Amino acid sequence: MNVTVFGAGYAGVTLAQQLESSLCSDIELTVIDDSDTHLLKHEVHRVIRRPRVADIIEVPLTTLFDRATVQTAHIQDIDIETQTAQLNTGTTHEYDYGAICLGSVTADYDIPGVAEHGLPLNTTADALAIRTALFEAAGVMSTADSSAETSNLRQQSPSDININPQQHDAVPTNDTSPVDIVVGGAGLSGIQTAGELAALANEAGIQTNITLIEQQPTVAPNFPENFQSAVSDALSDNGVRTSTATIVERACENIVKTDTGEFDADIFVWTGGIRGTDAMDKNRPTVQSDLRAGTRTFIVGDAGRGIDADGESIPASAAAALREARTVADNLSQLVEYDINGGGGFEPRLDPYRFEVPGWIVTIGDDTVAQLGPEVLTGSAAKAMKASVGAGHLSSVGALTQAAELVDAEIRSSE
């Protein structure tokens, strides 16, 4: 019997590790992902300002599992009815039980020009591309040779500017006009991207005009009012202007057109929403509280639109994905055991998932805002919470060295 976990993000790695413990040793367990590393995605924005963080937040998959077989391949299509997946290797992968943990990708909503001109932020390479765009737009060069540093950062091409403003002198060219930056989407990703760009520009002595656009009336629109207010204040303190109740209608070279006017944009970053992956036909199917789609497949994390035990929509977040994975590990293990024991009697009653996350954390440059229950925290308390979240996840999956390095990086960034 084969159990396959499709995707090695937060949900996929957590689920596969739990299945290694709960499934019988004769059950074949496979993990398929198009990358050979697990990415701490909620820290990707840090790479814009601190490229070396890329080496901390990407963990080789082969170091995370004891007996699961890791297969690196792009999943082109998954057919839940036939329990098969088409891979870019030209092979068809068959499974007896499966869990789709493919996450989501940035959605452009067919807004003209967004796909062509909007820089996404999904990977460390995306973060480095945004960093490069800032220095190129500012005409900044480094007075120090950064080739060795560049070599260590995922073998980026020589055209990728990769200076650390705290270690190298940033020298602007004769063009000292401000760089106009527009970030589309004021969810947590957009907020953190704008904050990192503002902090990096300040460190490098680059003048910028940064505008964060959001179609809803407030930034962080899906969060409580006191959290929104604290985030808005932190953005303002970091020199980021916000334009809420503003709908992006078209993106052109150097201009973003909205229903309230045009914004100059030497750099346009798009974090405006999510959709399902191509393997899921760009959809995020709805699943009920047991997170099962069909009889032998589960959809975990933001690969689907989950409805929890209370009938509430489950938000697309790392915190929710981790907790969903634990529920699915129990449910899937029950079904496998029922199957290998002959399947007699009633099928096991599966556990429902209930969304319970203690809080939220967002960084804006060197500032941090945390929501813990009804209380909003800022300053050193919020920064300590932020450092513990990422390090806690890395520790939980067995990447202890990188967990310690991440805490050290967080502490240094706040000094």
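**Notebook: aromatic pairs, helix α8 and salt bridges**

I counted the aromatic pairs in this predicted model and got 5. I then looked for a cluster among the rings and found one made of Phe223, Phe227, Phe355 and Trp360.

**Helix α8**

Phe227 is also one of the buried residues of α8, so I went through that helix next. I noted that α8 runs over residues 225–237, which is 13 residues. I checked its span from first to last C-alpha and read 18 Å, close to the 18 Å expected at 1.5 Å a residue.

I listed the buried residues of α8 as Phe227, Gln228, Ala230, Val231, Ala234 and Leu235. They lie on the same side of α8, because the arc they cover around the axis is only 165°. I recall that residues three or four places apart in an α-helix point the same way, because a turn takes 3.6 residues.

What do the buried residues of α8 pack against? I found α7 (188–204) and the strands β14 (208–213), β15 (240–243), β25 (359–364), β26 (367–372) and β27 (375–378). On the face turned away from the buried side I found the exposed residues Glu225, Ser236 and Asp237. Just after the helix I noted Gly239, with a positive phi of about 80°.

**Salt bridges**

I counted 11 salt bridges in the structure and looked up three of them.

I took Asp366 and Arg49 first; their side chains meet at 3.1 Å, N to O. I placed Asp366 in the loop between β25 and β26 and Arg49 in helix α2 (residues 46–49), 317 residues apart. Arg49 counts as buried because its relative accessibility is 1%, under the 20% cut-off. Asp366 is at 32%, so it counts as partly exposed.

I went on to Arg50 and Glu203, whose side chains meet at 2.8 Å, N to O. Arg50 is in the loop between α2 and α3 (54–57) and Glu203 is in helix α7, so this bridge ties together parts 153 residues apart in sequence. I read a relative accessible area of 14% for Arg50, which is buried, and 25% for Glu203, which is partly exposed.

The third was Arg292 with Glu347, the closest N and O atoms being 3.0 Å apart. I placed Arg292 in strand β22 (residues 292–293) and Glu347 in the loop between α9 (318–340) and β25, 55 residues apart. Glu347 is partly exposed, at 40%.

Which residues are linked in a network of salt bridges? I listed Glu43, Arg46, Arg49, Arg50, Glu196, Glu203, Asp366 and Lys386.

Methods: Residues are numbered from 1 along each chain as its sequence is written. This is a predicted model: local features need pLDDT of at least 70, side-chain atom pairs count only at pLDDT 80 or more; totals for chains, interfaces and linings use all residues. Side-chain values use heavy atoms; hydrogens and water are left out. Helices (H or I, at least four residues) and strands (E, at least two) are DSSP runs, numbered from the N terminus. The expected span of a helix is 1.5 Å times one less than its number of residues. Buried means under 20% relative accessible area, exposed over 50%, partly exposed in between (1.4 Å probe, protein chains only). The arc is that of the directions from the helix axis to the C-beta atoms. Contact means heavy atoms within 4.5 Å. Rings of Phe, Tyr and Trp (its six-membered ring) pair if their centres lie within 6.5 Å; planes under 30 degrees apart count as stacked, over 60 as edge-to-face and the rest as tilted. A salt bridge is a side-chain nitrogen of Lys or Arg within 4 Å of a carboxyl oxygen of Asp or Glu.
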